Amino acid sequence: MAVRLALRALAAVPVLLLLLLPQGLDCLGRGSGRAAHAPWGAAWAAEDSWRHDGAQTQPDPGSSPATKPTGSMRNGNGLPSDAPELHIGLLTTYPPLSYMVEGVPAGFARDLAEAVAQAAGRRVVFLADDSGVALRSDLAEGKVDVLALVAETPERQTQLEFSEPGLEVAERIYVRRDSGVHPRGVADLSGLLVAVVESHASHQYLRNMPGQRLLPVPTPLDAVMAVAWGRADALVAPEPVVEHIIRRLPTDAPLEPSGQPLRTLRFSFGAAKGNTPLVAVLNEALVKVRASGEYDKLYSRWFGGNVLSRYTDRELLLAGAAFALLTVFLGASVVLLSRTVRLRRDVEAGTVATREARASMLREAISRQRAEQEAERFFALSLDPVAIVTQQGALRRVNPAWVRLFGFLPEEVTGHPFLDFVHPDDMHASRPLLVGGMNGLAGVAATPVENRFRCKDGVYRWLAWASVVLPEEGLVYLSGRDVTQRKEAELHLERQAEELRRSNAELEQFAYIASHDLQEPLRKIASFLDLLAKRYVGRLDSDADEFIGFAVDAARRMKDMIEDLLAYSRVSTQGRDFEDTDMEKVVDTVLSDLGLLFEEAGATVERGPLPMIRADRVQMEQLLRNLLGNAVKYRSEAPPSISIGAERATGDGHPGGAWVFHVRDNGIGMKPEHFERIFRVFQRLHGPGRYPGTGIGLAVCKKIVERHGGTIDVESAPGKGSTFRFMMPDRHGGQVGQQMP
């Protein structure tokens, strides 16, 4: 067992040395000139410091932060001291093409630029910066001679002279694995929010495409994280750059390529426009680098899978020496191997758990950020005013709809008490909004409150507020709905209803007083007219006798109208309380009162079972007396045949149920256009000579039915009789034919 463990240890040591020692060896030969750091430089320094060749990069002995440009770095490459310098600009935000590790440029672009400069017989001076705009400005000002591996675009071709391509890579779309969105090309990106590195080739390419929504970010890492955290739906960037970032994130990045590559990007050396001689030198040197096989080595080092190809012979020699030294200590290490095996199992288990925990934390963080973004989007896009208030009642934040509705800018209300803007009469009713309302439960919407809220112009608007109190956060979330129009309409209707009630009361009181007080003078007029008719008939001329007859008849008709008007007003002013009323007994009383009239007319009455209802018994008798009396009054040549009955109402108009009563006759009938007219006061279809009466009987019937909460209507046709129906709510709940106890 011990031998097997020792052999495993011996096999593992070279690999460990190759992976770990160059980090320390790099420090021996690495310059310290300051360069512009990429945002992730510190985070990846420990992992990727072996990415650049420390043995080949030597600092310029004469350089110092005080005398050399920021980010510059010299390399002699064994050339004569009087060899001309080639100033090369490096973008530090595009791994593995070019980025910074512990203040030193690294990447394929850096190594290829150095090889090309050496092949051209130039001493290379690197100037690194994380801004492509700044590097192009340096190129225009002559601070640098050439930019290393710039992506060729139509726009840049008008500004730069490009060499033959130094690298060709695919540009691809990346999305979240769980997004459900899988664009296959540029057309499918329409409507999606796409992260792109600002001013880079992908940005210039997509912003010229119609319908694109772009999120410009500073670096490719920012683009990857924008998609990973849900801030963007997709990103477009060179494939090696994205894959390099994804592999080196501390947690698994939930990204994957979507569709086929959009295009092939050409990365070339870029010189100032018109500097074709320098481009020719670079092209010639690039040919030499390719022919010597150095290009293939560099490409394999940065884009291949061979770990050893990333190191020089000097590094491997130093690693071998270190391996020889460490072998001396292997004997002691074997003693610890048994203990290490046990610890390794624990560490592996812990590593798996840590990975799962990190993945879980990433998922939770992404979900939390999505929720925050959705809440922020709702807060900003809501059409209703929304505010965040402290539990002390001070406004902490308001949304744009608040500003539009009330006119206050956010800084004008932030820190001010919410209740300061509420109408003084509504303050007491509004306080529950800030403490959870009547339900008193944290995190549950409070009982809605309506109040008047002051605008910047001093005008108050009606708002319906809902709030949620979160004590653990010390905040109250308020959402309002502008109900000014509805509230004003309600107040207007209330005022109109009150005015109508007052007007009706005054009108009924006036009708009662007028009809009551007019009876006395009318009685005197009628009495004196009767005396004139008795004493002076025949003593005057025939015209006088006729005039006196007209006056006497008019006085009698006036008396009847006043009495009927008084009866009409008494329906409301002198109505009795509702009580259990047996409609069978009501019909018995009415038929008894009208017995002589029915006998003279030869009328017959057919009765069905009638229910017991809650009603004013006297008014029910008056109602049926008018309907049955009209059935006899407006009879045809045939003897009157009358039917009385009731049935349950159908439909949902009355939750407690209702009864529909009918009084059907075989009289003269009427035309449909007169159905509404006959229920109006003093409206008659016939002259008083043929059918006596004032025309108020059916108006009284309608008022009685409406006082009981019902409705009345008629069905009729000339010569075919009429059927009057009135519906009464069933407040008693009795059955047909149920008798009083």
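Which residues of H20 are buried? In this predicted model, the buried set comprises Gln619, Met620, Glu621, Leu623, Leu624, Leu627, Leu628, Gly629, Asn630, Ala631 and Val632. Helix H20 covers residues 617–633 and lies across strands E21, E22 and E24. Its direction makes an angle of about 170 degrees with E24. The end C-alpha atoms of H20 are 24 Å apart. This agrees with expectation, because 17 residues at 1.5 Å a residue should span 24 Å. At the start of the helix, a side-chain oxygen of Asp616 comes to within 3.2 Å of the backbone nitrogen of Val618.

The strands beneath H20 belong to an open sheet of 5 strands. Their order is E19-E21-E22-E24-E23, and the pairing is mixed. Strand E19 (604–607) and strand E23 (711–716) stand at the edges. Each has a single partner strand, so one side of each lacks a neighbour in the sheet. On average, neighbouring strands are turned by 15 degrees against each other, direction ignored. E23 is joined to strand E24 (residues 722–729) by 6 bridges, and the two run antiparallel. Within this pair, Val714 is placed opposite Phe724 of E24. A further helix, H18 (residues 583–593), lies across E19, strand E21 (641–648) and strand E22 (658–664). H18 runs at about 175 degrees to E19.

Antiparallel pairing also links E13, E16 and E17. Strand E13 (residues 386–390) pairs with strand E17 (residues 475–482) over 5 bridges. Ile388 has Tyr477 in E17 as its bridge partner. Strand E16 (residues 460–470) pairs with E17 over 8 bridges. Here Ser467 faces Leu478 of E17. E16 and E17 form a hairpin with 4 residues between the strands. In this hairpin, Gly474 adopts a positive phi near 70 degrees.

Helix H9 (residues 276–291) has 16 residues. From first C-alpha to last it reaches 23 Å, close to the 22 Å expected at 1.5 Å a residue. Its buried residues are Leu278, Val279, Leu282, Asn283, Ala285, Leu286 and Val289. The cover over these residues includes three helical and strand neighbours named by range: strand E2 (85–91), helix H3 (108–119) and strand E7 (146–151). E8, strand E12 (255–272) and helix H10 (294–303) also belong to the cover. Just after H9, Gly293 takes a positive phi of about 85 degrees.

One residue of E8 was examined in detail. Arg176 is found in this strand, which spans residues 160–176. With a relative accessible area of 6%, Arg176 is buried, because the cut-off is under 20%. A polar atom of the Arg176 side chain lies 2.6 Å from the backbone oxygen of Ala228. Beyond residues up to four places away in sequence, Arg176 touches Val227, Ala228, Pro254, Leu255, Ile366 and Arg370.

For the protein chain as a whole, the secondary structure comes to 21 helices and 24 strands. The chain has 741 residues, of which 42% count as buried. Among contacts with a separation of 6 or more, 69% join residues 24 or more positions apart. The accessible surface of the chain comes to about 38700 Å². Carbon and sulfur atoms account for 55% of that surface.

Conventions. Residues numbered from 1 in each chain as written. Predicted model: local features only at pLDDT ≥ 70, side-chain atom pairs only at ≥ 80, totals over all residues. Heavy atoms only, no water. Pairing = 2+ DSSP bridges. Axes fitted to C-alpha atoms, helices over the stretch in contact; angles between N-to-C directions. Contact = heavy atoms within 4.5 Å. Buried < 20%, exposed > 50% of the residue type's maximum accessible area, 1.4 Å probe, protein only. Areas by Shrake-Rupley, 256 points an atom, 1.4 Å probe, with all protein chains shown as cover. Expected span 1.5 Å × (residues − 1). Polar contact = N/O pair within 3.5 Å; in protein donor to acceptor, adjacent residues only side chain to side chain.
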